[in-house]
Amino acid sequence: MELRWYHFAAWAAFVVFMFLMPEMVSKGTLRIFIFANFLAVFAISWDVLSGRTGYVSFGHPFLIGIGAYTTAILTKRFDVPVELSIPIAVIVTMIAGLLVVLPALRIKGSYFALITLAYMELIYQLVQVIRPDLTGGTRGMSGLPTLTRGAVNGYYMSLTLMVIVAFCVWLLMRTRIGTALSAIGMNEEAVKGSGLSVTRLKLFAFLLSALIAGLGGAFYVHYLGSIAPRALFDINFVFTIIVAALIGGASTTIGPIIGAFFLTFLLEYLRPYLPGAERYFIYGGVALLLYMYQPKGIYEIINQGWSKVRARS
Amino acid sequence: MTQILIQGLLLSGLYALIAMGFTLIFSVGRILNLAYGAYLLIGGYTYFYFAQTLGMPKIAGVLLAAILGCTMGILKFKLLVKPLKGDHVAVEISSLILAVVLQAGVVLMFGDSSKILLPIIPGVERIAGAAVPYSNLFAAVASWVILIALYFFVRKTHTGRAMQAVSMDPKGAAISGIDADRINMITWGISGTLGAVAGVFFASYTQLYPGMWVAPLIIAVAVVIVGGIGSIIGTLIVAHIIGFMEVMTSAFIAPELRGVMTMALIIGVLILRPKGLFGREEL
Amino acid sequence: MSASLKITNLVKKFGGLTATNDLSFTVEPGQSVGLIGPNGAGKTTVFSLVMGEHRQTSGSIMLDGEELSKMTTPARIRRGVSRTYQVPRPFAEMSVAENIRVGLMPDSVFGMILKGPNRDRELELAMAVGFSENDLDRTPAELSMGDLRKLEMARTMATDPKVMLLDEVFAGLTVAEIAMISGLVQKMRSDGMTFLIVSHDLKALEPLVDTAIAINYGSMVAQGSYGDVMSSEAVRASYLGEA
């Protein structure tokens, strides 16, 4: 658990490599990287709650959506500057998430997963019928202020966000709180029996998850410049987030990043052969096989491969 | 008023059928089969392909849909649920992945656009000012017949009672010499069949499109949550509560809000009575 | 690090079944009391009630004169009462050191974040129950039943209890392991720890306790010195009646 110099060296190497990326790849590829960066942020957010504590959220777009819609409405309808609307969006996500999840924290296992799914469907339907003059109803909103212009700047913005989020979460999870959250995932009763208030820990995990989701959602919407309810509160979106975290390696910080990049590029390389939604056929198939083969994800596969290599030399 | 009564009864019958396959798996195997909606999807498209594209008799279309649904249920149990034995989270997550894969498979074969299913029985009957398509009437009657048959199957046959036993106490059932794997497999088969047949009816109620599996899944989830785990009667009652609530919301408040009420009901019940309105009952 | 545990008129009903029936006794500071009785007598229920895992139907539970009944389990543990379980519950994917670490954590999010783990204390606790320094990185999957019980003891001790409730600590252990745990309990007794111990292994229990309480069907059958309780007619009857 200790921090060692080579941890920081690895982070530094990763950041330098990623920041040099625009020199190495085309603008088109860079746009793919941007999506991978955002997906990594969402996957980390999911993992903080579900990967660690075992409380699976099937409705994570609910949180992302609150963040995205808050800043979209504030900037579009009330001309609030982005610098102000994003922090507000993050706070609103945390508060709204808290109000909603507080009673749900009593609920265990599969039922928790179901209630999050219900929350997502609820907000999807509400957004379309309640105050469409604010939310843009079924069609959503476009022409929102964007933070950057061009692929390179967009890439730097998304990369910075992803690296900051990943690094902070990584640092945090290396402290005892990370151990405590994972302990909940392994045996919640025994955590209680060790004198720790499980509800408080779950609440912390949820708030952290909401913070990252709100942040990611807000930046994402100001990268895209538009927002549409069907694209956001979509089961395919939930699927992509969860699969990224799991395929990469749940309960690690690097895992969701690996997963996000792996899946985004897999999806992109399938595009020439399968242009539409049928891409998910191969994509999901690969994800399913990988998950069945190693539920702990690519991170664990690499780990095991590495220890084999070391054992041989 | 009569109109609401009739529409409510028709819709609720269909919902009961949709929810039943999901409840069965949940009560016997304690597994939330998030791929359940995909059975409806496959059922609807199978019927569409055989009965409408190939022009086979409609009854053959329904039967083929049922057979395919049954096969899928059994395959899912053998290839996915059994290898992941015991890990409910893993089963749920891989079920969700499977559902998305199946949806993409449908897009691959039939395209993205929605299809209109021709009514199983053409024609409309007017009852007390309400237009009731024969198709919907047939769907509701067929749902009831299937549900009553299922009830007697579970209560009266040897296999049905073994299912009850596994549902109540898997270990006890195993000690009494019940092959839980076989019972589980049968349950998955029945669940797949029910889902696929419900899919044919559901698609003729609404439309056939690749994303159509989410709505019935949510309904099934709602019924299970509100009704509590796995009682056939409870499922029936709750399907009627939800069906009537949706019809009344559409009629008196706004059609767009019908789904909102269902969600609100799920959330409210989960928070106030996490074990459901009817609590834990046997099958 | 010693406290009294006073139980008064404790009643617990599960539906129609009375698991604990008007039970009253006191464990004085530094005392060690054996709780005996046949299977299903309600011993583990008493532990669950003291820890707040179940709420009693009526009656009171006081630790050093402070009423525990309204508190959550973690709050009771903070007050200084802690228990082990018949079936050890380790965190399966954590090392021995990390398992102990969870017990050592303060119940505050910021406390967990701002201060690193106390490795010396982790090692000290691990050694106290008989692990060696090399064992710290092992995972529960590699441990024997005896080791798992030792780990459970260490994690329970990590919460810094004043009263420890030990539930079947000797079940599934080898003779050597029983001796080891027994020695540990003796050592903690001499340091003034208060114990309430449930065990079926009456031989192993005898040297560890000052007095004994026998219960059956949730009611007190006998109370007194270990020898007196064991020779009491009522206790013999309850054990024989069970067979």
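The pLDDT is the predictor's confidence in each residue, on a scale from 0 to 100. This is a predicted model, in which local features need pLDDT of at least 70 and side-chain atom pairs count only at pLDDT 80 or more, while totals for chains, interfaces and linings use all residues. Residues are numbered from 1 along each chain as its sequence is written, and chains are lettered from A and ligands numbered from 1 in the order in which they are written.

In chain A the mean pLDDT is 86, with 99% of the residues at 70 or more. Confidence within chain A is lowest in helix α7 (residues 132-135), where the mean is 80, and highest in α11(A), at 92. Helices (H or I, at least four residues) and strands (E, at least two) are DSSP runs, numbered from the N terminus.

Chain A also touches chain C, and 21 residues from chain A and 21 residues from chain C take part in the contact, where two residues are in contact if their C-beta atoms, placed from the backbone, lie within 7 Å. On the side of chain A, the elements giving two or more residues are α9 (176-186), α10 (188-192) and α11 (198-224), and the largest share, six residues, comes from α9(A).

Chain C holds an open sheet of six strands in the order β6-β7-β8-β3-β9-β10, with mixed pairing; two strands pair if DSSP finds at least two bridges between them. Because β6 (81-83) and β10 (219-225) of chain C stand at the edges with a single partner strand each, one side of each is left without a neighbour in the sheet. From one strand to the next, the twist averages 15 degrees. Strands β3 (residues 32-36) and β8 (residues 194-198) of chain C run parallel and are joined by four bridges, and C:G34 has C:I197 as its bridge partner in β8(C).

Two residues of chain C that are not glycines have a positive phi, as the table shows.

| Residue | Phi | Place in chain C | Other C-beta atoms within 10 Å |
|---|---|---|---|
| C:D22 | about 50 degrees | strand β2 (residues 17-27) | 14 |
| C:E168 | near 50 degrees | loop between β7 and α7 (175-190) | 19 |

C:D22 is partly exposed, and C:E168 is likewise partly exposed; a residue is buried if 20 or more other C-beta atoms lie within 10 Å of its own, exposed if 12 or fewer, and partly exposed in between, with C-beta atoms placed from the backbone.

Definitions and conventions
Axes are lines fitted to C-alpha atoms, for helices over the stretch in contact, and angles run from 0 to 180 degrees between N-to-C directions.
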